[in-house]
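Please open the model in your viewer and keep the selection panel at hand. The tour proceeds from one selection to the next.

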Amino acid sequence: MSAGIDGFERPGDSVQVMDLDSVNLARRVRRHCVRMTSKGGSSHVASCLSAVDIITVLYGKIMRISAENPRASNRDRFILSKGHAGAAVYATLAELGFFDTALLEDHYQDGSLFSGHVSHKGIPGVEVSTGSLGHGLGIAAGMAKAIKLKGGSERVFVVVSDGECDEGSVWESALFAAHHQLDNLVCVIDCNAIQGLAPVSEVLNLEPLSDKWRSFGWVVQEVNGHDHPALVSAFETIPNKVGYPLVCIARTVKGKGVSFMEGKVEWHYRTAKGSDYDRAMDELEDPV
Amino acid sequence: MRDCFVRVLCDFAKNDPGIILITGDLGYSVLDEFRTSYPKQFINAGVAEQNMMLVACGMALEGYKVFVYSIANFPTLRCLEMIRNDVAYHNANVKIVSIGAGFSYGALGISHHATEDLAIMRSIPDVKCYSPSSLYEVEECVHSMCNTIGPCYLRLDRDKCQYEEREESFVPGRPRLIRSGEDVALFATGGILSEVIQAATGLQMRGISASVYSVHSFRPVEPSTFARVARSHRLVVSIEEHSTVGGLAGLMLECFAREGLYPYKFLRVGLDECFSSTVGSQKYLRGVYGMDSVSICSRVEKVFRTM
């Protein structure tokens, strides 16, 4: 059932947990990300790769969604607040059948709908466009608040980056979500430890990050952000604790899956071309 | 104006459980009627305007009609990017309401002078912008906002035009004729309209006949009305408690350009590319910056006599 603002319940649309092999899905999505950013000559491939496992576990194992009806009223909501990893979301949606994978070739091209920072216009399955950091959590909190007010049971998932936590608005939203007991809200922080110009610890230290969120009134789960079973178990029970929003601090490796990109600041901006591209695609070999 | 706004909103909320009112911890006692009548539809988001606008956007995307209430530049400039990227770009049904147009909070200092808000808000695509001059217009603007889906900005003044002229009814986008004259056309926006009506009376005594219009809508807007009036008067004047850059003066010049009209004489009364760093009441500051009735009257007369 899905609840309406008018207080009347309506039969919900058909949504389901896809229950896919998320590891294989992640491998395919990584290959898309490298190819899309290479073809488009766009930045942020390493930011995509660190978030791929989080995104594919959510879409493949956790969220109740429908590729046939992307706007199903009782779908779980997903917001990519670190909008620069847009390629990872486009690729995941395409793999799940929200649209044809051939459309991914348009990424970053002239006249395309697929901007580098994730865009909702004309793209089935994308809830909101982002790109400027520190916006997604507040929108997600507003959605979660609205769903609670309507008496709905949908959950709202938002992925932010660790560098994004420099933004004051993140902490405004963190206060709001805890105060309003939004236990239908899950914030995943892709902690790849590197931001624009240098490691997070050198730019503006966030640690102890778990303590910060806990002191803001959130339930905190710290996991290896590339370990699918660990991610699944972090998201398995929502609400995790009644009356508390959940933050999952996912420790990740920037550029995960491509050895020469891993943990390197420069791959926040560089594009894999020529032999770099071939090597990256070799390392991310096609799933069997 | 704010009491009128809250009263009208309460009337709407009676029949619409989808109306949400979010305040940024402002509106002491003013919002009580709404808060007590519709506690589930009222949220105090605290002193955190960025998040307030994001939450409003999120709730609107879930189907609610969300009014965001604060004062001066807080619900506009402070969270401008949230308005542009999130509310406007997603066509979210968020109605931004700011009390404290121009020098409404004059003595509180420059932080509380809303003197660029119209220029900035109307530059964002799809945001409907309203700047009423009287309680009648406030009521009409709120009706108009409630009946449109999508982002709106409502600029409320502490002062209101005392003359409840209702001869010409409210049509969104159409400057409303308040007083008919022949020589000079005075276009005003907001509560300063009362100064303009007094100035028109003063001009009359000096033998200059002035038409007075209230410009309550900046988007939608009817360029043809401005052009038609400009063609039938010798001097056109814009009066706003706002910067002359991008506000009413800017809007009118854009309308003239669109209509292929270049008025022979155009006088812009407003804050002329400066900060209003003087301390004082709204009435006092209007005098200092040349936009009280006496200044308007003499400035218009001076230009008119030299034509």
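Select chain B and colour residues 2-156 as domain 1 and residues 176-305 as domain 2, following the domain assignment; such bounds come from an automatic or database domain assignment. This is a predicted model, in which local features need pLDDT of at least 70 and side-chain atom pairs count only at pLDDT 80 or more, while totals for chains, interfaces and linings use all residues. Residues are numbered from 1 along each chain as its sequence is written, and chains are lettered from A and ligands numbered from 1 in the order in which they are written.

**Between the domains of chain B**

Place a marker at the centre of each domain: over C-alpha atoms, the centres of domain 1 and domain 2 of chain B are 26 Å apart. The contact between them draws 25 residues from domain 1 of chain B and 29 residues from domain 2 of chain B, two residues being in contact if their C-beta atoms, placed from the backbone, lie within 7 Å. Next, highlight α5 (117-122), β5 (128-130) and α6 (135-146) of chain B, the elements that give two or more residues to the side of domain 1 that touches domain 2. Helices (H or I, at least four residues) and strands (E, at least two) are DSSP runs, numbered from the N terminus. Coloured by class, that side of domain 1 of chain B shows eleven nonpolar, nine polar and five charged residues. Here Ala, Val, Leu, Ile, Met, Phe, Trp, Tyr, Cys and Pro count as nonpolar, Asp, Glu, Lys and Arg as charged, and the others, Gly among them, as polar.

**Each chain as a whole**

Now show chain B entire: eleven helices and twelve strands. Its C-alpha atoms fill a box of roughly 60 × 40 × 35 Å along the principal axes. The radius of gyration of chain B is 19 Å, which agrees with the value near 19 Å for a compact globule of 307 residues. That radius is taken over C-alpha atoms, and the globule rule is 2.2 Å times the number of residues to the power 0.38.

Switch to chain A, where nine helices and nine strands are found. The C-alpha atoms of chain A occupy a box of roughly 60 × 40 × 35 Å, taken along the principal axes. For its 288 residues, a compact globule would have a radius of gyration near 19 Å; chain A has 18 Å, which agrees.

**The side of chain B that touches chain A**

Display both chains together. Here 23 residues of chain B are in contact with 22 residues of chain A. On the chain B side, α3 (49-61) and α4 (80-88) each supply at least two residues. Which element gives the largest share of this side? It is α3(B), with nine residues. By class, the chain B side has twelve nonpolar, seven polar and four charged residues.

**Three helix pairs**

Isolate α3(B) and α4(B), whose axes come within 10 Å and cross at roughly 10°. Axes are lines fitted to C-alpha atoms, for helices over the stretch in contact, and angles run from 0 to 180 degrees between N-to-C directions. The angle makes α3(B) roughly parallel to α4(B), a label for angles under 35 degrees, with over 145 roughly antiparallel, 65 to 115 roughly perpendicular and the rest oblique. Show as sticks Gln50(B), Met53(B), Leu54(B) and Cys57(B) of α3(B), with Met82(B), Ile83(B), Asp86(B) and Val87(B) of α4(B), which make the contact.

Keep α3(B) and add α5(A): their axes come within 8 Å and cross at roughly 65°. This crossing is right-handed; a crossing is left-handed if the near helix is turned anticlockwise from the far one by less than a right angle, and right-handed if clockwise. Ser169(A), Glu172(A), Ser173(A) and Phe176(A) of α5(A) meet Gln50(B), Asn51(B), Leu54(B) and Val55(B) of α3(B). These residues divide into three nonpolar, four polar and one charged.

Finally for the pairs, bring in α4 (136-150) of chain A, which packs with α5 (168-179) of chain A at about 20°, the axes being 8 Å apart. The crossing of α4(A) and α5(A) is left-handed.

**Local backbone features**

Zoom to Glu207(A) and Pro208(A), joined by a cis peptide bond with omega about 0°. Pro208(A) is in the loop between α6 (200-203) and α7 (209-215) of chain A. A cis peptide bond also joins Ile238(A) and Pro239(A), with omega about 0°. End at Ser29(B), which has a positive phi of about 70° although it is not a glycine; Ser29(B) lies in the loop between β1 (19-23) and α2 (32-37) of chain B.
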